[in-house]
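Dear colleague,

Please find below the structure that I am handing over to you. My findings follow it.

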Amino acid sequence: MTSVSPVALKRHTPFLYSVALSYLLCPSESWSQTTQSSQTLDPVVVQPSATPQRARRTTNGNASRAARSRQQRNVAANTGAPVATPTGPVFAAPTLNLTGTTSTGSRLGLTRLQTPASVEVISAETMAERGQQNVVDAVTQNATGFTAIGEPGNGGIAFSTRGFAGSGSVTSLYDGTRLYVGSGTVNFPFDTWTAEKIEVLRGPASVMYGEGAIGGAINVISKLPLWVPRNQAEISLDSNMTRRIALDSGGPVSKDVAYRIAVTGNASDGWVDRDNTSNIALHAAVQIKQTEDITWTLSTDYGDRHPSKYFGTPLINGQLNEAIRFKNYNVSDSNIRYQDSWGQVKTEWQISDGITLRNTLYYMYAKRHWKEVEIYGFNSGTGLIDRGDYLEIFHQQQQIGDRMDATFEGHLFGMVNTFVAGFDVNRIDFKHTNNSPFSGSSSVNPYNFDPGLFSSPDPTTPGFKSVANQYAFFAENRLAITEQLSLIAGVRQDQPTVERTDYRTPANSYTRDYSATSWRVGAVYTPIQNLAFYGQYSTAVDTVGGLISASNANAKFDLATGKQAEIGVKQSFWGGRGEWTLAAYEIVKNNLLARDPNVSGQVLQVGQQSSRGIEASIGFVLDHGWRIDANTAFLRAKYDNFLQNIGTTADPIYVNYAGNVPVSVPQNVSNIWATWAFAPKWSANAGVQIVGKTFADSANTLEMPSYTLVNAGLQWKPDVNTTVSLRIYNLFDKIYATSSYSDNQWMLGMPRTAQLAVNVKF
C-alpha cells in the first residue's frame, strides 16, 4: 500500500475543498478561459518567442519558478501592457492573432498555428472598432465564410458555413459550453459588450462538443475579472432611434479577489413599421485565488430581449416590391420575449509544473414566448396579403452540467507530449407549450391596412416535455515528433438518453438511448518559425431533428454521420505585422433530413449532402497608419442524393434533387476591412461584405440575389480616454435578403443607418 505523507495531504486539501464546494454551488461553464489567458478590454497581440508557448508550459524546474511565470503572464494579460519578446516588436493589431492560444479548436492550449484546423479569433477591440454590437454582425462581418440566417422564429442567432446551415449544424457556445437547441431555437448570447472575444471553429466540432456542429462552432468568451482597476461607459444613438447605454467595471477587491461587471441596455423604434425592440444583458464575475495554484471564477449572466417582430416581406408576383420594404404584416399586439440566465463556477488547480486540473459547473435557464402571425403570402386573385399561422408558443429550458478535464505535459519516448482527458455530464429539461395546429387567417391590403389583433381558435396548452441525460468522455493528445512536426489526435464518446412525454398523444411518448463516437487526427509541420502546414481528418454525428425536441417519428431515425478532410497552411510574417491562411476541405454528411412538404412536422431521412471549398484570409499592418484584413470562401455545396415527395401522401411524386444547392447556402462569401489612422487623433475604417446568391427551396427555383454591403466609420479621440465614433451601416442603402422565412417571404436586411457613439474610460 502506498502511504500519503502529511505534507502532501496538507498541500492537496485546499483543492479537495474546492471540488466539494463546486458541486454544492450551482452554476458553471466551460473552461474555455484559463487564468493566464485573460485579457483586458483592449487586447493586443504579443509576438511569440522562438518556441511558441503553450497555455501551460512543459518545463523543468521547481514549482516556485512556474508560479512566478504564471504570475508574470497574469499581470501582462490583465494590464493590457504589450510584452516585448526576442523575435520582434509588438503591434496593437487585434486582428493579427495566429500566434495566440485558443480553446475552441483544442483543449491542449495550442496556438492557432499549432492547431490542425481552421480557427479564428475576433477580439473585443475589433468588434468595438467596427461597431459590431451583436454576435451575428461580429461573426458574419469578420469570420471567414459565415452568413446569417437568423429570424425571430429561431431566436435570431443562426448561421450558415461550409455548406451547412442552421443551429443544429453550426453550434453556439458560451465559454466553451454548448447551448442545446430547443425546437430550432438559440437566442443567447446576443450582445458583444459582455464578450472578451469570439472564437470560431470552421468544420466538424463533434470531437470537442458532442453531437452536431458539422459546419462549425461559435464560442463567445465572456469578460474575466481584472486585477488592475479599469472602467468604461458608452452611449450611442442611431437613425432608427436605437438608444444604447453600456457600463463595464473591473478591478481587485483584495490581493486575492477581483471582479468584473458589464451591463448594457438597448431600446429601438426599429426600421420597419411598429417594431419597437428592447434588451438588456448583464455579466458579473468574481475571481478568487484560493492559493498560489488554485483559482476560482464565479460568474452569472442574464439576458432579457424583446426582439424584432418582423417576420419578413412577402414577394408580390414572385418579385420583391420596394414599396412594401418597411411594412410589418404582423398583428399590432404581437409579442416575443426571450429570458436567459446563466451561472457558472470554474476551478483550476495547477497541481505541478506538468499537471493542470480544471472543473466547470454550470446552470442555464431559458424562457421564450412567441405570440404573432408568421406567414404572409400575396394572393394574385384578390391583390391582398393572406396571413396565416396565428401562433403562440412557450419554451422552458433548463440545462445543468459539469465538465472536468486534466492536462498532463511531459515526455513520451523522449518526445514532448501533451495529453488531455476528461468527462462531460449534463441534464436538459425542455417543455414546449403551444396552440397547434396554429389555425386562424386574415387578409390585408399590401400598402394600407389595419394590422388587427391576435385571435386564434386554438387553445394554448402543454404539448410535450423532454428530459435528456448525457455523459461523455473525451481525450486529446499532441506528440511533438520533432521540433517541426507534431501529431494531434482526439476522440469523444457520447451517451445521451432522451425521454419524451407527449401530453396530447401519449402514444407518441418514447425513451431513446443514443451512442456516438467522434474522432479527429491531424498533423502540423512547421519547416520554419511561424509557418505551418497542416492536415486533418475528422468525423461528426447529428441527432435527427434535434436532441431535446425530436418527435417520436424522428427519434426512430439513425444518427446522421459526417466526415471531413482538410489541408491548409498558415503563416505569421514580417515580424508579426502580417499573416495569412489558406485551407481546402471536403465534408460529406450521410442520412440527412428534409421536411415532408405534405405532412406538417414530418421529416424524411434522405441520403447524402456534401461540400468542397477553399478559404483564405490575409491581414497586414502597414506604414502610415493603415491596416488591411480580408478573407474569402468559395465552395460547392450540393445534395448528392436527395429524394423528396412533392406529391401527396395518397399520390406521391418523388423528385431527386441531387446536384442542387442546399437551402440558405451561398457559394461564395468575402469580407474586406481597411483601417487608416490618418491623423494623430483620427482614424477611419470601411468594411465590404460580399455574399453570393442563395436558394429558398431545395428545387433551386426560388433564388435570393447576391448582395454587397459597405459599412464605414470615423473615430476621434479628443483625449486618451475618450472615443467619439460616427458609423454608417449599409452605406449605399442596399436592399437585400438574408434568408427566407417561407418560400415567398424574405427576411430583409437593415437599411442605411447612421450611429453616433461616445466611449469613455475612467
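What percentage of the contacts in the protein chain with a separation of 6 or more do residues 24 or more positions apart account for? The share is 69%. Please bear in mind that this is a predicted model.

**The chain as a whole**

The protein chain has 762 residues, of which 56% count as buried. It contains six helices and 41 strands. About 29,500 Å² of the protein chain is exposed, and 59% of that area is supplied by carbon and sulfur atoms.

As for confidence, the mean pLDDT of the protein chain is 87, with 85% of the residues at 70 or more. Residues 1–92 call for caution: pLDDT stays under 50 there, although the model has 207 contacts beyond four places in sequence for this stretch.

**Strand pairing towards the end of the numbering**

Strand 37 (residues 707–719) and strand 38 (residues 722–729) run antiparallel and are joined by six bridges. A hairpin of two residues connects strand 37 to strand 38. One bridge can be located by its residues: G713 has R727 in strand 38 as its partner.

Strand 38 also pairs with strand 41 (residues 753–761), in the antiparallel sense and over eight bridges. Here T723 has N759 in strand 41 as its bridge partner.

A further arrangement is an open sheet of three strands in the order 14-40-39, with antiparallel pairing. Its edge strands, strand 14 (313–314) and strand 39 (737–742), each pair on one side only. Two bridges link strand 14 to strand 40 (residues 745–748) in the antiparallel sense, and P314 has Q745 in strand 40 as its bridge partner. In general, strands of a sheet pair through backbone hydrogen bonds, either parallel or antiparallel.

**The surroundings of N435**

I would also draw your attention to N435, which lies in the loop between strand 18 (415–434) and strand 19 (441–444). Is this residue, N435, buried or exposed? N435 has a relative accessible area of 0%, and therefore counts as buried.

Two polar contacts of its side chain may be followed in the model. The side chain of N435 reaches the backbone oxygen of Y390 at 3.0 Å, and a polar contact of 3.1 Å joins it to the side chain of S456. Leaving aside residues up to four places away in sequence, N435 touches residues including L391, E392, F454, D458, P459, T460 and R504, as well as Y390 and S456.

With kind regards

Technical notes: Residues are numbered from 1 along each chain as its sequence is written. This is a predicted model: local features need pLDDT of at least 70, side-chain atom pairs count only at pLDDT 80 or more; totals for chains, interfaces and linings use all residues. Side-chain values use heavy atoms; hydrogens and water are left out. Two strands pair if DSSP finds at least two bridges between them. Helices (H or I, at least four residues) and strands (E, at least two) are DSSP runs, numbered from the N terminus. pLDDT is the predictor's confidence in each residue, from 0 to 100. Contact means heavy atoms within 4.5 Å. Buried means under 20% relative accessible area, exposed over 50%, partly exposed in between (1.4 Å probe, protein chains only). Accessible areas come from the Shrake-Rupley method with a 1.4 Å probe; for residues, only the protein chains shown count as cover. A polar contact is a pair of N or O atoms within 3.5 Å; within protein, one must be able to donate a hydrogen and the other to accept it, and residues adjacent in sequence count only if both atoms are side-chain atoms.
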